[in-house]
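The following exercises are to be worked with the sequence and the 3D structure at hand. Each task is followed by a solution that proceeds in steps.

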Amino acid sequence: MDFIDLKTQQIRIRSRIEKNIQAVLDHGQYIMGPEILKLESRLAEFAGVKHAVSCASGTDALLMTLMAYDIGPGDAVFTTPFTFVATAEAIRLLGATPVFVDIDPVTFNIDPKRLREALLAHAQTETGLAARGILPVDLFGLPADYDAIRAVAREHGLFVLEDAAQSFGAEYRGRKAGALGDAAATSFFPAKPLGAYGDGGMCFTDDDALAAALRSVRIHGMGADKYDNVRIGINGRMDTIQAAVLLAKLDIFPEEVQLRQTVAGRYTRTLAGVVTPTVPEGLLSAWAQYSVLAEDARHREALQARLKAAGIPTAVYYPIPLHLQTAYTSLGGKPGDFPVTEDCANRIFSLPMHPYLSAEDQERIAAVFLGRS
Ligand SMILES: *Cc1c(COP(=O)(O)O)cnc(C)c1O
C-alpha cells in the first residue's frame, strides 16, 4: 500500500500528459512557454482571483510574495509553529522575524484568539520590530479561520499571506483556497493535492501592484526588460514542462478533490473512537493529509508500529515544532512556549491519503488501527 499513490492517476491520464509534454518538446520554449500563461489563467479562474503568478516552488511563492511586500530586517510576520519549515524559512531568508502563535487544537491551524492577543502584546512591548503581516497555513488542506484572521489584520493594518501549499482545491465559506488572504502561495510538489512531476508553485492575488511586483521579483527584479533591474529578485520561474503536466492534471482535479472527500469520509466513519480530524461548518478540506491524534507519544509509536507490521505506511507531520527546530532556536523559542502545538507534535500522525484509496484498503487500515485484525 502507498502512503500517496501517484501511479493510479498517471495511468488514467498518461496519454494526455505525454501529449502535453510532446507539445513542449515541439515548440521548444522551455522557459516561460505558452503553457505557463495558460496555467496561470486557468488557475486564477479556478481560485477566483485576478492574478496567478507561477514560480519554481511553494517556497519561492512564499519568498517572492514576502519580497513583493518588501519584507526585510526589522519586520515581524505572525505565523504558526506547527507547519513545514518553508513557512518560517521564507521569513528568515529575508532577515525578518517570524513571531509564532499557538494553534487551535481542533483544526491544527493558527488560533485567531491567540493571534489577537499576540498582536496586542506586540503593540505594548518594545521589541524593535514592526508588525507587517500574518502568514496563516492551511494545514493538511484545511483553510485557517480567515474571517477572524482578516478582522485582526484590518485592526492592525497587516497583510494576510495564505500558505495554501497543502490546500489547493479547498474552500472557505464559498471562496477557494488561494483567494482567502490578500495574497496566497501554493505548491505543486508531486505529493501535494495538485502535484507536478517536479517542483513548482503559484502566487495568487487580486492586487494589481503586488502582481506586477511578483512578476518582476520572479525574473531577477526586472523592470522594462530582464536587463533592466529595478529591485532585488530571484530566478523563480516554473519550467514549461511542469506547466504542461499540471494542465493535464487540472482536467481531473475537481473530480479528485471530490474523491478525497469520499476517502476522508470513509476514514471518519470507520475510525469510531479515534480522534479524527474535524472540518468546521462551511469549509471543505483538500485533504492533503488525513491526520489523527493518538493518546500520547508512546501510543502513537505503538499504533504506527502495528500499522507498519501490516504493511500500512504512516507519517508524522510534524514531529518538531518550528520554535524548537535547531535553526530557529536563536529566536528564543523553548519547550512550553506553545503547549497546543507541542502536544499535537507528540501525538499526531497521518494515514495513507490519496483520491484512489479503495474502500477495502481503508477497511483494512481501520481494522488494524482498532486492533481488530
Ligand atoms: C510543501 C509546503 C511548502 C513548500 O512547498 P515546496 O513546493 O516544497 O517548496 C510550504 N508550506 C507548506 C505548509 C508546505 O506543506
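**Exercise 1. The surroundings of leucine 63**

Leucine 63 counts as buried, because its relative accessibility is 10%. The model in which this is to be examined is a predicted one.

Task: Determine in which helix leucine 63 is found and which residues it touches, not counting those up to four places away in sequence.

Solution.
- Step 1. Leucine 63 belongs to helix H3, which comprises residues 58–68.
- Step 2. Leaving aside residues up to four places away in sequence, leucine 63 touches Ala90, Leu93, Leu94 and Ile234.
- Step 3. The relative accessibility of 10% is to be compared with the cut-off: a residue is buried under 20%. Leucine 63 is therefore classed as buried.
- Step 4. Between the C-alpha atoms of leucine 63 and leucine 135 there are 12 Å, and along the chain the two are 72 residues apart.

**Exercise 2. The sheet of 7 strands**

Task: State the order of the strands in the open sheet of 7 strands, identify the edge strands, and describe how helices H6 and H7 pack on the sheet.

Solution.
- Step 1. The strand order is S1-S9-S8-S5-S4-S2-S3, and the pairing is mixed.
- Step 2. Strand S1 (51–55) and strand S3 (97–100) are the edge strands, each pairing on one side only.
- Step 3. From one strand to the next, the twist averages 25°.
- Step 4. An antiparallel pair is formed by strand S8 (residues 183–187) and strand S9 (residues 201–205), joined by 5 bridges. Serine 187 has glycine 201 in S9 as its bridge partner.
- Step 5. Helix H6 (residues 146–156) packs on the sheet and touches strand S4 (130–135) and strand S5 (159–163); the directions of H6 and S5 make an angle of about 150°.
- Step 6. Helix H7 (residues 208–218) also packs on the sheet, with contacts to S1, S8 and S9; its direction makes about 15° with that of S1.

**Exercise 3. Strand S5 and its cover**

Task: Establish how S5 pairs with S4 and how many residues of S5 are buried.

Solution.
- Step 1. The pairing of S4 with S5 is parallel and extends over 2 bridges. Isoleucine 134 stands opposite valine 160 of S5.
- Step 2. In a regular strand, side chains alternate between the two faces of the sheet.
- Step 3. One side of S5 carries Phe159, Leu161 and Asp163, and the other carries Val160 and Glu162; these residues are all buried, and both faces are covered.
- Step 4. The count for S5 is thus 5 buried residues of 5.

**Exercise 4. The ligand site**

Task: Name the residues that come nearest to the ligand and give the distances of the polar side-chain atoms of threonine 59, aspartate 163 and lysine 192 from ligand atoms.

Solution.
- Step 1. There are 15 residues around the ligand, of which Gly58, Thr59, Gln166, Ser187 and Lys192 come nearest.
- Step 2. Threonine 59 places a polar side-chain atom 2.5 Å from a ligand oxygen atom.
- Step 3. For aspartate 163, a polar side-chain atom lies 2.8 Å from a nitrogen atom of the ligand.
- Step 4. For lysine 192, the distance from a polar side-chain atom to an oxygen atom of the ligand is 2.8 Å.
- Step 5. On its own the ligand has 380 Å² of accessible area, and the protein covers 93% of this.

**Exercise 5. The sheet of 3 strands and backbone geometry**

Task: Describe the open sheet of 3 strands, then locate phenylalanine 108, arginine 173 and tyrosine 318.

Solution.
- Step 1. The strands follow the order S7-S6-S10 with antiparallel pairing. Strand S7 (175–176) and strand S10 (283–284) each have a single partner strand, so one side of each lacks a neighbour in the sheet.
- Step 2. Strand S6 (residues 171–172) is joined to S10 by 2 bridges; tyrosine 172 has leucine 283 as its bridge partner in S10.
- Step 3. Most residues other than glycine have a negative phi, and most peptide bonds are trans.
- Step 4. Phenylalanine 108 has a positive phi of about 65°. Phenylalanine 108 lies in the loop between S3 and helix H5 (112–123) and is buried, with a relative accessible area of 5%.
- Step 5. Arginine 173 has a positive phi of about 45°. Arginine 173 occupies the loop between S6 and S7 and is partly exposed, at a relative accessible area of 48%.
- Step 6. The peptide bond joining tyrosine 317 and tyrosine 318 is cis, with omega about 5°. Tyrosine 318 is placed in the loop between helix H10 (297–309) and helix H11 (339–347).

Methods:
Residues numbered from 1 in each chain as written. Predicted model: local features only at pLDDT ≥ 70, side-chain atom pairs only at ≥ 80, totals over all residues. Heavy atoms only, no water. Pairing = 2+ DSSP bridges. Helix = DSSP H or I, 4+ residues; strand = E, 2+ residues; numbered from the N terminus. Axes fitted to C-alpha atoms, helices over the stretch in contact; angles between N-to-C directions. Contact = heavy atoms within 4.5 Å. Near = heavy atom within 4 Å. Polar contact = N/O pair within 3.5 Å; in protein donor to acceptor, adjacent residues only side chain to side chain. Areas by Shrake-Rupley, 256 points an atom, 1.4 Å probe, with all protein chains shown as cover. Buried < 20%, exposed > 50% of the residue type's maximum accessible area, 1.4 Å probe, protein only.
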